[in-house]
Amino acid sequence: MQTSQLQRTGLMVLLAGQLLPIIDFSIVNVALDAMAHTLQATAIELALIVAVYGIAFAICLAMGGRLGDNYGRRRVFLAGVGIFGIASLLCGIANSVGLLMFARALQGVGAAFIVPQILATLHITLKGRAHARAIGLYGGIGGLAFIIGQVLGGFLIKADIGGYGWRSVFLINLPICLFVLITARRFVPETQNTQRVPVDVSGTLLLAGAIGCLMLALALGPLLHWSWPCILLLVLFPLFLHRLRQSSLRLEAANGAPLLPPSLLRLPSVRFGLTLAVLFFSCWSGFMFSVALTLQAGLGLTAFQSGNAFIALGVAYFIGAMQSTRIVERLGKRGALLMGCGIQMVGLLALIATLQLAWPQVGIFTLIPATVLIGFGQSFIVSTFYRIGMSGVPHHQAGAGSAVLSTVQQSALGLGPMLLGGVFTQIYTHGNHLAAITGTLGVELVMMALLVIFTSLNRRTFQPVTAEG
């Protein structure tokens, strides 16, 4: 396996590629209303336009990691960027719901080829402080991109550049794709495993079944009033997971290479990272969804104004992420994670107090103190997620480790709006927007408290390991 040192320019190219998949998770939400008018889309079709991207993304992540290990991570990264660019163009010119859904699914496939290669390349080509700093940047850009999507989407819809309307939220990807395609071959070193292992077709299909059932059920359940097809999908989800586990154990026992290696899932660092992903990232996306809904439906702000309300959070997040390497060196991964949880919880309490005291005269500037605390705390949680999750992963399993963590992370991001959104809707039906957002933020506080308890009880996870963390 080649291990050429990744230089600063190559890191910037990889991070530019990282922007593409994450921005598209959130930027589309702002454009849904305009899409509905142009394409005469129903509520179910809009939900599927959002869901198919996340489903394809999550399903193909593990396969993308394996392909990078086998055929070269730079090569698969470039293929993913190319697919993503073509899919973005198709989204931008789509004149029917069917074509837009297909293009969104194709975007998800491209994104799944991009993401595992970035983290795996950082893990293999960098060591020591350079590795720690790159992981901090990776976490910082990843979180900031999610917020950029909200702000940029609102701006593009409002500006209506060239009369393209909602189509511009997809066409904006094209210059980024071209930049990455032109520069990556020169500045990003190629890495791959010395021996190729076959793709686990059975594992890929079972994983696709599990993730597809869960995310489709959660996307369509509220719209279909949890009719029997949605319940059936939820019942099938654990059955697919059980079959996937049994298939992976048999393949590993026969010295094969399962898509999600059980040996990897037994690593304490990976198990902790997966738990952190479920607790935090579902809260994160659910928070963004619920607050945006409150600002627009409850306070009457436009999509553009609602997006601007997250700017202070995004700036604080980025500043915190840039300081995360220094904080981790001083406090350790566990200390930085606990500090991040503490700051975010204070921010959530401050946000609840702000809404209670100022409602309904809540303006963008009123929210800044609380959202700055929330963003600053989130930055340390995200940066430690990648550091902890990959810390014990052997280099020859870097692609698989990155894919496992990213699969659960993306699934949790897709899960959040359904879970916390469900809490929000349930409370709203018996109260008002203020009660709904207060209750939803309270649930998030409880989940963050569970993360603090889990972190405090898992000291062994944070013991030094031989891999660079």
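User: How do you know whether helix 13 passes helix 16 in a left-handed or a right-handed crossing?

Analyst: Good place to start! The crossing of helix 13 past helix 16 is left-handed, a name used when the near helix is turned anticlockwise from the far one by less than a right angle (clockwise would make it right-handed). Helices here are DSSP runs of H or I with at least four residues, while strands are runs of E with at least two, numbered from the N terminus. Please keep in mind that this is a predicted model: local features need pLDDT of at least 70, side-chain atom pairs count only at pLDDT 80 or more, and totals for chains, interfaces and linings use all residues. Residues are numbered from 1 along each chain as its sequence is written, and side-chain values use heavy atoms, with hydrogens and water left out.

User: What makes helix 13 and helix 16 roughly parallel, roughly antiparallel or neither?

Analyst: Their axes, in helix 13 (residues 311-358) and helix 16 (residues 433-457), cross at roughly 165 degrees and come within 10 Å. The pair is therefore roughly antiparallel: the cut-offs are under 35 degrees for roughly parallel, over 145 for roughly antiparallel and 65 to 115 for roughly perpendicular, with the rest oblique. The angle runs from 0 to 180 degrees between N-to-C directions, and each axis is a line fitted to C-alpha atoms over the stretch in contact. The contact of helix 13 with helix 16 comprises 17 nonpolar, six polar and two charged residues. Nonpolar covers Ala, Val, Leu, Ile, Met, Phe, Trp, Tyr, Cys and Pro, charged covers Asp, Glu, Lys and Arg, and the others, Gly among them, are polar.

User: Which residues bring helix 15 and helix 16 together, and what is the handedness of their crossing?

Analyst: Helix 15 (residues 398-429) packs on helix 16 at about 145 degrees, with the axes 8 Å apart, and the crossing is right-handed. Contact here means heavy atoms within 4.5 Å. On the helix 15 side, Leu420, Val423, Phe424, Ile427 and Tyr428 take part, and their partners in helix 16 include His433, Gly439 and Val443. Nine of the residues in this contact are nonpolar and three are polar, with no charged residues.

User: Why is helix 3 called roughly parallel or antiparallel to helix 7?

Analyst: Helix 3 and helix 7 (residues 173-187) pack at about 160 degrees, their axes 9 Å apart. That value makes helix 3 roughly antiparallel to helix 7. The crossing of helix 3 and helix 7 is left-handed. Among the residues involved are Arg74, Phe77 and Gly85 of helix 3, and Asn173, Cys177 and Arg185 of helix 7.

User: Is Gly92 buried or exposed, and how do you know?

Analyst: Buried, because its relative accessible area is 3%; the limits are under 20% for buried and over 50% for exposed, with partly exposed in between (1.4 Å probe, protein chains only). Gly92 sits in helix 3 (residues 73-93). Beyond four places in sequence, Gly92 contacts Arg167, Phe170 and Leu171.

User: How do you know whether Ile135 is buried or exposed?

Analyst: Ile135 has 2% relative accessibility, so it counts as buried. Ile135 belongs to helix 5 (residues 128-159) and touches Leu119, Leu122, Ser383, Tyr386 and Arg387, leaving out residues up to four places away in sequence. Ile135 and Val382 lie 247 residues apart in sequence, yet 10.0 Å apart C-alpha to C-alpha.

User: Which residues touch the most other members of the largest nonpolar core, and what makes a set of residues a core?

Analyst: A nonpolar core is a set of buried Ala, Val, Leu, Ile, Met, Phe, Trp, Tyr and Cys residues joined through side-chain atoms within 4.5 Å. The largest core holds 132 residues, and Met35, Leu100, Leu122, Phe281 and Phe287 touch the most other members. Helix 1 (residues 8-39) gives the largest share, 16 residues. Beyond its neighbours within four places, Met35 is in contact with residues including Val28, Gln40, Leu100 and Trp166. Another core, of five residues, lies apart and includes Ile327 and Phe380.

User: What is the phi of Gln40, and is Gln40 buried or exposed?

Analyst: Gln40 is not a glycine, yet its phi is positive, about 55 degrees. Most residues other than glycine have a negative phi, and most peptide bonds are trans. Gln40 lies in the loop between helix 1 and helix 2 (43-71) and counts as exposed, at 63% relative accessibility. Asn255 likewise has a positive phi, about 65 degrees, and is exposed, at 75%.

User: What is the omega of the peptide bond that joins Trp359 and Pro360?

Analyst: Omega is about 0 degrees, and the bond between Trp359 and Pro360 is cis. Pro360 is found in the loop between helix 13 and helix 14 (364-391).
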